[in-house]
Amino acid sequence: MIFDAPRFRDRTDAGRQLAAALTGFAATDPLVLALPRGGVPVGFEVAKALRARLDVLLVRKIGAPGHPEYGIGAVVDGENPQLVLNEEAMALVQPSDDYVEAEKRRQLLEIERRRNLYLGSRPAASVLGRTVIVVDDGIATGGTVRVALKALRKDRAAHVVLAVPVAPRDTLDLIKADVDEVVCLATPEPFVAVGRYYEDFAQTTDAEVIRLLHEAEQFERKSSMRSAG
């Protein structure tokens, strides 16, 4: 079986190509939310091109009692962190309210730890009434992204865009109900894995995430100063 050759040199290249497809959103003063860690180098290029704020969107799974690998929901970072439950899984497992609440608190602590690691004391950006562009380096099953998108809806984002370099078409078809727009550069068939479409898909480190978020913050400040002047 012959698969498509890699479409992107690395995440930076993918981000620049994706940014070129998103230029129409620059006038909406969008907020770019990247899923760490791999989505941050992609989102950095998008935010830089659109002169937009870059933030991370942290998602932590809540596992079933005794079976943490089986997700019954997730907690999503934000100005008002959201608990999103999988109704089918909840009906099957029937965990107690106390269990769900305890797991929610535990995952919120981990989200806070990771946000402090990446951004220090900088608070999460508000999505209320804004155009929000959610960026990752690619999607396979889309489970994490769908949870994040549902949370943005609850937080009343005005316009939600999912932007990814590569994803399978059937996954995007499922996700479309949760967003206003999808921008995806490649939908190869058959789909193998996200990393198959990159020449360099080395793991993104925490140090790289911290560096890029710091650079994005500095770039945002300079842009604001130029606008004010």
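1. Gln94 is exposed in this predicted model, with a relative accessible area of 63%, and its place is in the loop between helix α3 (residues 87-93) and helix α4. The backbone of Gln94 deserves a second look, since Gln94 has a positive phi of about 55° although it is not a glycine. Most residues other than glycine have a negative phi.

2. Arg51 can be read alongside Gln94, for Arg51 also has a positive phi of about 55° and is not a glycine. Arg51 is found in the loop between α2 and strand β2 (53-56), and because its relative accessibility is 53%, Arg51 counts as exposed.

3. Two peptide bonds should be checked by eye in the model. Most peptide bonds are trans. The bond from Pro36 to Arg37, however, is cis, with omega near 5°, and Arg37 is found in the loop that runs between β1 (31-34) and α2 (39-50). The bond from Glu189 to Pro190 is cis as well, with omega near -5°, and Pro190 belongs to the loop between β8 (181-186) and α7.

4. The charged side chains come next. Side chains of opposite charge can pair when their charged atoms come close. The structure holds 19 salt bridges, and one of them joins Arg53 to Asp55, with the closest N and O atoms 3.8 Å apart. Arg53 is buried, its relative accessible area being 19%, a value that falls just inside the limit because buried means under 20%. Asp55 also counts as buried, at 1% relative accessibility. This pair does not stand alone, for Arg53, Asp55, Asp77 and Arg115 are linked in a network of salt bridges.

5. What does Asp206 pair with, and where do the two partners sit? Asp206 forms a salt bridge with Arg114, the closest N and O atoms being 3.9 Å apart, and the pair links distant parts of the chain, with Asp206 in helix α7 (residues 206-228) and Arg114 in helix α4 (residues 97-119), 92 residues apart. Asp206 is partly exposed, with a relative accessible area of 24%, whereas Arg114 is buried, with a value of 18%.

6. Glu217 forms a salt bridge with Arg122, in which the closest N and O atoms are 4.0 Å apart. Glu217 lies in helix α7 and Arg122 in the loop between α4 and β6 (131-135), so this pair ties together parts that are 95 residues apart in sequence. Both residues of the pair, Glu217 and Arg122, are buried.

7. Two aspartates merit a note on their surroundings. Asp13 has its place in helix α1 (residues 11-21) and counts as buried, at 9% relative accessibility. If residues up to four places away in sequence are left out, Asp13 touches Arg7 and Phe8. Asp136, in turn, is found in the loop between β6 and α5 (143-154) and counts as buried at 14% relative accessibility.

8. Which residues does Asp136 touch, not counting residues up to four places away in sequence? They are Leu35, Gly38, Gly39, Val42, Val145, Ala163, Val164 and Pro165. In addition, the C-alpha atoms of Asp136 and Val40 are separated by 7.3 Å, although these two residues are 96 residues apart along the chain.

9. The last two points concern the chain as a whole, in which there are 7 helices and 8 strands. Its C-alpha atoms fill a box of roughly 55 × 55 × 30 Å, taken along the principal axes. With 229 residues, a compact globule would have a radius of gyration near 17 Å, and the protein chain has 18 Å, which agrees. Among contacts between residues at least 6 apart in sequence, 67% join residues at least 24 apart.

10. Buried residues make up 47% of the 229 residues in the protein chain. The chain exposes about 11500 Å², and carbon and sulfur atoms supply 50% of that area. As for charge, the protein chain has 30 positive and 33 negative charges, and the mean positions of the two groups are 4 Å apart.

Methods
Residues are numbered from 1 along each chain as its sequence is written. This is a predicted model: local features need pLDDT of at least 70, side-chain atom pairs count only at pLDDT 80 or more; totals for chains, interfaces and linings use all residues. Side-chain values use heavy atoms; hydrogens and water are left out. A salt bridge is a side-chain nitrogen of Lys or Arg within 4 Å of a carboxyl oxygen of Asp or Glu. Buried means under 20% relative accessible area, exposed over 50%, partly exposed in between (1.4 Å probe, protein chains only). Helices (H or I, at least four residues) and strands (E, at least two) are DSSP runs, numbered from the N terminus. The radius of gyration is taken over C-alpha atoms; the globule rule is 2.2 Å times the number of residues to the power 0.38. Contact means heavy atoms within 4.5 Å. Accessible areas come from the Shrake-Rupley method with a 1.4 Å probe; for residues, only the protein chains shown count as cover. Lys and Arg count as positive and Asp and Glu as negative; His and the chain ends are not counted. The place of a charge is taken as NZ of Lys, CZ of Arg, CG of Asp or CD of Glu.
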